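I opened the notebook to go through charged pairs, backbone angles and burial one entry at a time. The entries below follow the order in which I looked things up.

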Amino acid sequence: MDWLDFFQSITDGLLFGSIYALIGIGFTLIFGVMHKINLAYGAASIAGAYVSIAVAAYVPLPALVTFLIAAIASGGIAFLIYLANFRFIPLASPLATLMATVGMLILIDEIVVHATDGMPQPYPALFADIYIEWGDFGLRGDLIFIFVLSLIAMVVLMFMLYRTRLGIATRAVAQQPVAAQLAGISLDRTNALTFVITGLLGGLAGAMIGASVGVLSPLLVVPITVKGLIVCVIGGLGSIPGAIIAGLAVGAFENFFLAFRGVTERDMYVMLLLFVFLVFRPGGIFSRSVARD
Amino acid sequence: MPILELTTLTKHFGGVHAVDELDLAVEEGEIFGLIGPNGSGKSTTVNLICGVVSVTAGRVAFEGRDITGSAPHRVLAAGVARTFQNIRLFGHLTVWQNLWVAQNSVEDRRSENFAKRWFFGSGATRDAVDQQLEFAGLAGKRNELAANLAFGEQRRLELARALATKPRLLLLDEPAAGMNLEEVHALDGRLRALQQAGMTIVLVEHVMELVMGVTDRIAVLNFGRKIAEGLPAAIQEDPAVQQAYLGGGVETAHA
């Protein structure tokens with residue numbers, strides 16, 4: 001293998017990994033605030049992207065607007081997931097909400113299969129015709145766009161969480177749910193809002209997956225769910241900076257093995273990476289959750 | 001009409017009667033002491049009042065309104081705030097932010113529009129936070145993380161956070177635990193100042209110097225039941241109370 005191929009595969013992977021980072025942030029944010037895992041999150045993300053092409057089928061839309069519709073639709077679906085799977089289910093039972101979200105994942109998947117007759121749907125790409133070259137090394141325009149859009153989403157999220165009162169109240173709930181309520185913050189609204197915000201990020205990620213793969217398929221749901229969870233574990237449950245770094249790293253790692261070992265072997269190495277982390281760094285790269293005391 | 005009225009308030013944890021048919025009436029403007037041996041149901045009573053723990057039976061009324069079973073943030077909005085026995089600050093927020101997120105009184109909610117409220121806050125609430133920090137003696141620590149404060153400072157911050165919600169009734173769950181005598185005296189003065197300003201306070205406490213000195217009336221719990229109620233001097237002489245505290249005088253119950 002030569003160094004140029006190595007750099008090329010790692011770079012492409014890093015850019016695509018920003019999508020995994022967004023998915024990982026979604027899992028980790030809900031875990032940080034509620035100490036719960038929403039397994040239907042990946043499905044909601046892809047479903048949001050499906051809604052956006054359904055809308056685009058009626059009204060011709062610029063690709064960027066399609067992306068925004070995906071984000072908003074997924075935010076709405078995430079809110080419904082909160083209502084159906086968390087709001088009225090006793091949170092004290094660790095398995096109840098988890099199983100509810102497994103059911104929701106399959107339900108969303110079935111709805112998508114039913115609505116599309118199981119056929120993959122083409123998704124509009126952005127800047128796919130741009131290719132920046134330096135000799136044999138090059139950058140795909142669509143991947144750069146994905147990376148930049150993800151970066152903007154992350155910066156906005158971090159700004160919200162660390163600078164606005166909404167975000168600070170959310171972090172207060174994550175750190176001390178009882179005291180937060182007794183400071184006048186509604187747990188229910190904070191939880192619902194957290195779901196909507198993760199949904200917005202997920203819908204954006206779902207649209208970008210559709211755009212970079214070129215099609216949407218229900219088969220995308222399980223891989224992004226699993227990779228989102230892996231990112232979440234490697235980054236440390238509840239840590240947003242951890243999820244960002246882990247997302248980029250998993251993207252680079254899997255693309256490296258895609259380039260040098262082929263598509264059928266790729267995910268095996270990703271799973272091995274998960275086990276390595278669970279054995280040697282079970283707390284994630286930073287080994288300290290930033291969310292809870 | 002009492003500001004806080006508990007009627008046959010009961011809480012069972014499985015077979016344990018943590019609070020058993022408790023009747024209590026706290027009058028507006030008084031400092032009311034709630035004492036009793038460990039496990040006598042004092043903290044559970046506070047948790048029942050502010051909605052952290054569900055009520056098995058009975059009624060909690062604040063200013064004549066039934067607040068039994070209300071969510072904690074609604075109890076707070078009604079005008080009841082509290083502090084915790086084991087300090088519960090938002091450790092990874094700064095001192096200033098700890099107070100800022102607590103500006104949730106009805107007046108604060110009315111004074112800010114939605115965008116102001118949830119993004120950067122109005123100048124008025126930000127100024128109010130600065131004043132509260134000044135009052136709590138924490139102005140110099142505004143940008144420190146709450147987790148990094150000294151113990152006494154954390155207690156002051158928690159009290160300031162409760163006051164930031166502009167309550168009319170303040171529930172203090174062992175505020176003097178772990179304090180030295182000097183800090184206890186400072187707390188004593190602070191509570192009297194709050195009473196002067198019109199606050200009603202329910203004080204759950206083991207430190208008898210504080211309870212006997214500052215309270216107007218005291219109720220004594222044992223095994224979830226009220227065994228005595230009255231003026232501090234009378235409580236000290238009450239044989240049932242002395243019996244509850246292992247047969248000794250009330251003064252022996254410092255630990």
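Entry, B:Glu174. I looked up the accessibility of B:Glu174 in this predicted model, and with a relative accessible area of 7% the residue is buried, because the cut-off for that class is under 20%. I then placed B:Glu174 in the loop between strand S7 (169-173) and helix H8 (181-196) of chain B. The backbone angle was worth a separate note, since phi of B:Glu174 is near 50°, a positive value in a residue other than glycine. Most residues other than glycine have a negative phi.

Entry, A:His35. I noted a positive phi here as well, with the value for A:His35 near 55°. A:His35 belongs to the loop that runs between helix H1 (3-34) and helix H2 (41-58) of chain A. Is A:His35 buried, partly exposed or exposed? I found a relative accessible area of 39%, so A:His35 is partly exposed.

Entry, A:Asn85. I went next to helix H3 (residues 63-87) of chain A, which contains A:Asn85. Its relative accessibility is 5%, so I entered A:Asn85 as buried. What does the side chain of A:Asn85 reach? I traced the side chain to the backbone oxygen of A:Ala100, at 3.2 Å.

Entry, salt bridges. I took the total before turning to individual pairs, and the count comes to 18 salt bridges over all chains. In chain A, I recorded a network of salt bridges that links A:Lys227, A:Glu254, A:Arg266 and A:Asp267.

Entry, B:Arg217 and B:Glu229. I checked this pair and found a salt bridge between B:Arg217 and B:Glu229, in which the closest N and O atoms are 3.0 Å apart. B:Arg217 lies in strand S9 (residues 217-222) of chain B and B:Glu229 in strand S10 (residues 225-230) of chain B, so the pair ties together parts that are 12 residues apart in sequence. For the accessibilities I wrote down 22% for B:Arg217, which is partly exposed, and 34% for B:Glu229, which is also partly exposed. B:Glu229 appears again in a salt bridge with the side chain of B:Lys226, at 2.6 Å from N to O. I classed B:Lys226 as partly exposed, because its relative accessible area is 32%.

Entry, B:Asp66 and B:Arg59. I looked up one further pair in chain B, where the side chains of B:Asp66 and B:Arg59 meet in a salt bridge of 3.6 Å, N to O. B:Asp66 has a relative accessible area of 45% and is therefore partly exposed, while B:Arg59, with 32%, is partly exposed too.

Entry, the negative patch. Which residues form the negative surface patch? I listed B:Glu5, B:Glu21, B:Asp23, B:Glu27 and B:Glu28. From these I followed up B:Glu28, which lies in the loop between strand S2 (16-26) and strand S3 (31-35) of chain B. B:Glu28 has 60% relative accessibility and so counts as exposed, because the cut-off for that class is over 50%.

Technical notes
Residues are numbered from 1 along each chain as its sequence is written. Chains are lettered from A and ligands numbered from 1 in the order in which they are written. This is a predicted model: local features need pLDDT of at least 70, side-chain atom pairs count only at pLDDT 80 or more; totals for chains, interfaces and linings use all residues. Side-chain values use heavy atoms; hydrogens and water are left out. Patches are made of residues with over 30% relative accessible area and no salt bridge: like charges are joined within 9 Å, nonpolar side chains (Val, Leu, Ile, Met, Phe, Trp, Tyr) within 5 Å. Accessible areas come from the Shrake-Rupley method with a 1.4 Å probe; for residues, only the protein chains shown count as cover. A salt bridge is a side-chain nitrogen of Lys or Arg within 4 Å of a carboxyl oxygen of Asp or Glu. Lys and Arg count as positive and Asp and Glu as negative; His and the chain ends are not counted. The place of a charge is taken as NZ of Lys, CZ of Arg, CG of Asp or CD of Glu. Helices (H or I, at least four residues) and strands (E, at least two) are DSSP runs, numbered from the N terminus. Buried means under 20% relative accessible area, exposed over 50%, partly exposed in between (1.4 Å probe, protein chains only). A polar contact is a pair of N or O atoms within 3.5 Å; within protein, one must be able to donate a hydrogen and the other to accept it, and residues adjacent in sequence count only if both atoms are side-chain atoms.
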